[in-house]
Amino acid sequence: MEAQSQVQQSKSIESQLVITSPLDLLFNPRSVAIIGATPRENSVGGVITKNLLTKFKGKVYLVNPKYDEVNGVKYYKSILDVQDEVDSAVIVVPAPTVPKVVDECIRKGVKVAIIISGGLSEVGEEGAKLENELRRIVQNRIRVLGPNCIGVYNAFNGLDTFFLPEDRMGRPKPGPVALISNSGAVAGAILDWAARRNIGVGLAVNYGNKLDINEAELLEYFARDSRVRVIVMYMEGLKYPGEGRKLLDVMREVVSIKPIVVYKAGRTKAASGAVRSHTAALAGNYEIYKPMLRQAGVIEADNLTDAFDMAKALATQPLPRGNRVLIITDSGGMGIQSVDALDMRGLQVPELSESLQEILRKQLPPLAVTRNPIDLTGSATDAMYKFVLDTVLPTSYVDMALIIALMQIPGLTINLSNYIVEARRFNKPIVVVSFGGNEYVAKFENHLEENGIPVYHAPHRAAKALWALYEYAKIKGVVRGW
Amino acid sequence: MVMNPIVAKALEEGRYKLLEHESFELLRQYNIPVPDFALVQDVNEALKVVKDIGYPVALKVVSPDIIHKSDVGGVILNINNDELRSACERIRINIREKAPYARVSGFLLQRMVPEGLETIVGATKDPIFGHVIAFGLGGVMVEVLQDVSFRIVPVTEEDARAMIREIKGYRLFNGYRNMPVRDEEAVVYIITRFSELLSENPNIVEADLNPVIVLERGKGAYAADARFIIGTA
C-alpha cells in the first residue's frame, strides 16, 4: 500500500516537471470525479465509469444520487460531498442539469470540467439558451472542455472519457502522436484504426461545442508536452469571429517546436448577408483555410490515412538536409513508381556519381542497376541491401532513403529489417515500401515499425511521407540553402 | 485605433465606397505607388491641371453611385494633347445615357502608367479570419482560370513573395518570350503595404487594386485603379 502511494507520488511529480500549461489538469489530473457515473455498462456514463475505474492512474470519485455503493465502490450524492480535492470532473448528466452540476463543481474548487453531455447549442434554440446559461456560470471560474464532446484519451495515465466500449474501439498504445479532432465520432474511429495498426496515439482530444477550451489552446498544450512529437489535427471549421487569426498565430509558434499535420474537411457557412463581389466571391471559405495552413507552416493532409502516414514519419525520422532521395528496390516497376511519386512532390532522385556506381558494381550482380534507383532485381539478398545502404546513404549525394522490399523473393529474410534499422545510425530519414499478404511480410513490417522505421504499402504514400519531412525541414530551416 | 479621416468622412456621409481620389489618397498615405492624379470639376479645370500632370492621361468619372466605372463608359484611357476636351464631353454623355441618376462628383485626371504586366491585388474581410489578401494576374486569369493566391493579414514579405510565386502565371514575371523580367519586389512591397493599410483600417470590408501594373525590373509597379468598400465593422 505504501509502496503504491509512493509510486503515485513520484508520477504526479513527474507530470508537474514535464508540463506547465494551464491545461495540465485536463490531461493529467490527480483526481477525477465522474458526475453521472453509473454501473449500467452499455450507457455513456457506464463506459466512462468502467474506463476510469479500471485504467486511470489516479483517484476516481463516482457521483450519482441514485446509488450508495455498487460492487464495493462508493457513490456520492453530489460532488460537494467529496472530502478530498478534485482536479477534474467528467460530466455525463442530461443537458438541463449541466448548469447546476457545473456550478457545484465551481463551488467545490474543481479546476477543469469535461462536459460530455449533448443537447446544448447543437440542437437548436432551447439548447442554445442552456449553453448561454452555462457560459454565464463558467465565466473563467472553471475551464471547460465541450459540451457535447467525447473528451480526452490519455494512454499514459489511463484517463479515458471516450464512451465507446473497448470491444468496439481499440485503444492505441502510448506514443508520440497527439490528435485534436473537430469530431468526436471521427476521433473514436481514428483511435480504433490507429490501435489496430499499432500507431502510438498517446493523447487525443475532442472539444465539441467549444464553449471554452479551443484548438489554439490545445495546440499550445501539446507543444509543451514532451511526450508529444507530432500533432495531428482533424478540422472541419472554425466558429467564432476572429479566432482564425489567433489560431494562425499559435500554429506558427507551435511549428517552430514540433510539426502539425492538418486534415481540413468540410466548409463553414459563408457569413450570411455579406456582400461578396469579385475578390470576395473567389475567396470561398476553403480558399481561406488553405493559405492559412500554408502561412502557418503546417503540413496539410488530403485525408486521414495521409495524415497518419506523414505523422508516422515525422514522429520517428530525423529531418533531411535536402531533397535528394536514394531508392533501393528489388522491383524495377516499384522503383519507377517511386520516382514518379517523388518527382511530383518536388523531390529528386539524383543519378549517383560514376565512382560510387563503380564501387557498387564491383559487389552487386551484373544485372543490378546502379544509377539510382538502385535495382537489385529479383536476385536481391539482405546483404546487397545492407551493402548499398552502408555505401551510399552516408555520402553527401543523398539526403534520405526510400527502400522498397517486396519480400516475396527468396533471397530476402527478416534479417533485412535489422540491417535497415541499423542504418538509422546515419541520421537520415528512411522509409520502407512493403507490399504483400503473407505472415512473413507482416512480421518484417512489424519489426521495422517497432524499431522506428515507418512502412508504407504503396510508393506514393512513402513519397508523401518523405515530402512531409522535407517540408518540415524547410520550415525548421535545417535544409541547406534555406 | 483612430479611424482614418478619409474612411470616417465616407461613413459620416453614409457612403459605403470611397471615391476615386479618396482611394488614391489612402494608398498614398501608405506609400503604395500611384500615378499622379487630381480631382477636377470640369473641362477647364482639367485643361489647367493637366499641365502639371503631363500627357498621356486617363480620365475617370467620380461618383458615389457607380462601382464599375468602365461598364457605364466612365473611363477613357491614353488621352493625348488635344483629346482631353472631347474625352470629358464623351464621359458626360455616356453617364447621362447609362447611369442617368448617378451623382457625379467630378473627374479623376490621372497620368497614364506605361504598359506593363497587369496584376490584381484584392482583399476581402472574412468574419473568422479577418482580412484576406488575394493576388492574381489581370484579365481572364483571375476570373476564368481562378489563378489566384491568398494570404491572411498581416502578410509578411516572405508570405507576399510566396503568394506571387504560387500562381500558375508566375512565369510571366520572369521574362517569357520577348517580355522583360518584371519588378517582383515592387509587388512584394505593395502587398505588404496593402496588408498594413488593411490592418489599420478594420472598416474596409473589400478592396481591389486593379490593375496593379508591374513594369520591368527596377522600374516599379503602380496601382492604376483602386476601389474600397467600407462598412461599420
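This is a short tour of a predicted model, with a suggestion at each stop for what to select next.

**Stop 1: the whole complex**

Start with everything on screen. The predictor gives this complex an ipTM of 0.80 and a pTM of 0.88. Keep those scores in mind as you go.

**Stop 2: chain B**

Now select chain B and hide the rest for a moment. Its secondary structure comes to 7 helices and 10 strands. How compact is chain B for a chain of 233 residues? Its radius of gyration is 18 Å, close to the 17 Å from the globule rule, so chain B is as compact as a globular protein of that length. Turn the chain around and you can follow a C-alpha trace that spans about 45 × 45 × 30 Å along its principal axes.

Buried residues make up 46% of the 233 residues here. Look at the contacts too: of those in chain B between residues at least 6 apart in sequence, 63% link residues at least 24 apart.

Next, colour chain B by pLDDT. The mean is 93, and 99% of the residues reach 70 or more. Where in chain B is confidence lowest, and where is it highest? Select residues 140–143 for the low end: that is helix 5 of chain B, with a mean of 69. Then select residues 184–200, helix 7 of chain B, where the mean is 98. A word of caution for spots like the first one: where pLDDT is low, don't read the predicted coordinates in detail.

**Stop 3: where the chains meet**

Bring chain A back. The contact between the two chains takes 18 residues from chain A and 19 residues from chain B. On the chain A side, select helix 8 (243–255), helix 9 (279–282) and helix 10 (285–296), each of which supplies at least two residues. Which helix gives the largest share of this side of chain A? Helix 10 of chain A does, with 5 residues. Colour the side of chain A that touches chain B by class and you'll get 10 nonpolar, 5 polar and 3 charged residues.

**Stop 4: the two domains of chain A**

Stay with chain A and give its two assigned domains separate colours: domain 1 is 19–311 and domain 2 is 318–476. Their centres, taken over C-alpha atoms, are 39 Å apart. The contact between them takes 8 residues from domain 1 of chain A and 9 residues from domain 2 of chain A. Zoom in on helix 11 (residues 304–316) of chain A, which gives the most to the domain 1 side, with 3 residues. By class, that side of domain 1 divides into 4 nonpolar, 2 polar and 2 charged residues.

**Stop 5: Arg171(A)**

Select Arg171(A), in the loop between strand 9 (159–160) and strand 10 (177–181) of chain A. Is Arg171(A) buried or exposed? Arg171(A) is buried, because 20 other C-beta atoms lie within 10 Å. Beyond its neighbours within four places in sequence, Arg171(A) is in contact with Ala155(A), Asp160(A), Glu166(A), Leu191(A) and Ala195(A). For a distance exercise, pick the C-alpha atoms of Arg171(A) and Val254(A): they are 27 Å apart, with the residues 83 places apart along the chain.

**Stop 6: Thr377(A)**

Finish with Thr377(A), in the loop between strand 16 (374–375) and helix 14 (382–392) of chain A. Thr377(A) counts as partly exposed because it has 17 C-beta neighbours inside 10 Å. Leaving out neighbours within four places in sequence, Thr377(A) is in contact with Asp330(A), Leu367(A) and Ala368(A). One last distance to try: the C-alpha atoms of Thr377(A) and Ala311(A) are separated by 31 Å.

Note on methods: Residues are numbered from 1 along each chain as its sequence is written. Chains are lettered from A and ligands numbered from 1 in the order in which they are written. This is a predicted model: local features need pLDDT of at least 70, side-chain atom pairs count only at pLDDT 80 or more; totals for chains, interfaces and linings use all residues. pLDDT is the predictor's confidence in each residue, from 0 to 100. Helices (H or I, at least four residues) and strands (E, at least two) are DSSP runs, numbered from the N terminus. A residue is buried if 20 or more other C-beta atoms lie within 10 Å of its own, exposed if 12 or fewer, and partly exposed in between; C-beta atoms are placed from the backbone. Two residues are in contact if their C-beta atoms, placed from the backbone, lie within 7 Å. Domain bounds come from an automatic or database domain assignment. Ala, Val, Leu, Ile, Met, Phe, Trp, Tyr, Cys and Pro count as nonpolar, Asp, Glu, Lys and Arg as charged, and the others, Gly among them, as polar. The radius of gyration is taken over C-alpha atoms; the globule rule is 2.2 Å times the number of residues to the power 0.38.
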